[in-house]
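Below are some notes on the model, set out as numbered points. Please read them with the structure open.

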Amino acid sequence: MSGAVVPTVRVQEVPFDLAAESAALTQGRVDVGGLASFVGLCRADDGLAALVLEHYPGMTERAITAIAEQACARWPLTGCTVIHRHGRLEPGAPIVLVLTASSHRAAALESCAFLIDWLKTRAPFWKREEFAGGAERWVEAKAEDDAAAARWGEAEAARRGDAEAARRGGAT
Amino acid sequence: MRVLYFAWVRQKVGVAEEEVAPPPEVRDVAGLIAWLSARSPGHAAAFAQARQVRAAVNQEFAAPGAPVGPGDEVAFFPPVTGG
């Protein structure tokens with residue numbers, strides 16, 4: 001496994017196909033020993049009718065790609081796919097897919113957890129909750145999500161932000 | 001300069017994006033927030049709790065001290081809640 005894997009990143013309104021995406025990372029190769037997957041689903045908390053996900057077209061793809069490239073640089077992956085949906089999603093609907101493939105399970109499992117933790121804190125999506133009866137509210141960012149991302153080390157994402165600010169001559 | 005707003009910041013400002021031409025003394029994200037806040041009551045409401053507003057300059061997360069200038073794309077939004 002030489003050279004960094006180029007991750008597949010998609011931001012889309014339509015559902016994704018876990019089986020097809022898994023096959024795309026394993027078909028025709030014999031060096032994959034483990035494929036880890038995470039699927040985030042819309043949960044019906046407190047009578048939720050739907051989640052509406054807004055995002056920042058352009059930056060979203062860039063931010064996810066940057067996180068995925070960090071995973072590919074940090075772990076010896078043979079493949080990596082991240083698909084994040086936007087728009088109106090009802091309870092039970094899949095929202096996000098993270099797939100990581102590697103020769104060995106630890107790299108696949110760890111990088112998959114890293115990716116979902118960092119997506120929660122670095123990908124520009126905002127969730128609005130719609131309830132039966134018409135009430136709605138914006139989901140607030142959770143401190144535990146920041147803590148989950150931070151356990152991977154103040155990592156490349158933060159360092160990248162610092163480097164960017166330094167390049168532009170700004171403070172951090 | 002193109003300014004974009006997302007989520008509740010967009011709702012409070014009342015528009016998703018606008019072209020603005022701040023004076024030269026507006027040099028960084030914090031200065032732009034102060035200048036934008038005076039444009040309308042909606043802007044003022046959006047930036048009233050500046051600690052809850054995050055920024056990106058040219059599609060990279062940016063700190064309050066990050067420089068901004070003509071031609072930049074600057075976005076303001078709440079802390080992200082994806083995943």
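1. The model is predicted. A convenient place to begin is His84(A), which belongs to strand 4 of chain A, residues 77-85. His84(A) is buried, with a relative accessible area of 0%; the cut-off for buried is under 20%.

2. What lies 2.9 Å from a polar atom of the His84(A) side chain? The partner is the backbone nitrogen of Gly83(B), a residue of the other chain letter. Apart from neighbours within four places in sequence, the contacts of His84(A) include Gly82(B) and Gly83(B). From chain A, the contacts of His84(A) are Arg10(A), Val11(A), Gln12(A), Leu53(A), Ile64(A), Ile95(A), Val96(A) and Phe125(A).

3. Helix 1 of chain A covers residues 18-26, and Glu21(A), Ser22(A) and Leu25(A) are buried in it. Viewed down the helix axis, the buried residues fall within an arc of 100 degrees, so they line one face of helix 1 of chain A. The face turned away from that buried side carries Ala19(A) and Ala24(A), both exposed.

4. Which strands do the buried residues of helix 1 of chain A pack against? They are strand 1 (8-12), strand 2 (34-41), strand 4 and strand 6 (94-102) of chain A. Strand 4 is also the strand that holds His84(A).

5. Both ends of helix 1 of chain A can be described. At the N-terminal end, Asp17(A) acts as a cap, with a side-chain oxygen 3.1 Å from the backbone nitrogen of Ala19(A). After the helix comes Gly28(A), with a positive phi near 75 degrees.

6. Helix 3 (residues 105-122) and helix 4 (residues 143-150) of chain A pack with their axes 8 Å apart, at an angle of about 130 degrees. That angle makes helix 3 of chain A oblique to helix 4 of chain A, and the crossing of the two is left-handed. On the helix 3 side of chain A, the residues that meet helix 4 are Asp117(A), Trp118(A), Lys120(A) and Thr121(A). Their counterparts in helix 4 of chain A are Asp145(A), Asp146(A), Ala148(A) and Ala149(A).

7. Is Pro124(A) buried or exposed? Pro124(A) is buried, at a relative accessible area of 0%, and sits in the loop between helix 3 and strand 7 (125-131) of chain A. Not counting residues up to four places away in sequence, Pro124(A) touches Glu54(A), His55(A), Tyr56(A), Met59(A), Thr60(A), Ala63(A) and, from chain B, Val80(B). C-alpha to C-alpha, Pro124(A) and Ala149(A) are 15 Å apart in space, with their positions 25 residues apart in sequence numbering.

Note on methods
Residues are numbered from 1 along each chain as its sequence is written. Chains are lettered from A and ligands numbered from 1 in the order in which they are written. This is a predicted model: local features need pLDDT of at least 70, side-chain atom pairs count only at pLDDT 80 or more; totals for chains, interfaces and linings use all residues. Side-chain values use heavy atoms; hydrogens and water are left out. Helices (H or I, at least four residues) and strands (E, at least two) are DSSP runs, numbered from the N terminus. Buried means under 20% relative accessible area, exposed over 50%, partly exposed in between (1.4 Å probe, protein chains only). A polar contact is a pair of N or O atoms within 3.5 Å; within protein, one must be able to donate a hydrogen and the other to accept it, and residues adjacent in sequence count only if both atoms are side-chain atoms. Contact means heavy atoms within 4.5 Å. The arc is that of the directions from the helix axis to the C-beta atoms. Axes are lines fitted to C-alpha atoms, for helices over the stretch in contact, and angles run from 0 to 180 degrees between N-to-C directions. Angles under 35 degrees count as roughly parallel, over 145 as roughly antiparallel, 65 to 115 as roughly perpendicular and the rest as oblique. A crossing is left-handed if the near helix is turned anticlockwise from the far one by less than a right angle, and right-handed if clockwise.
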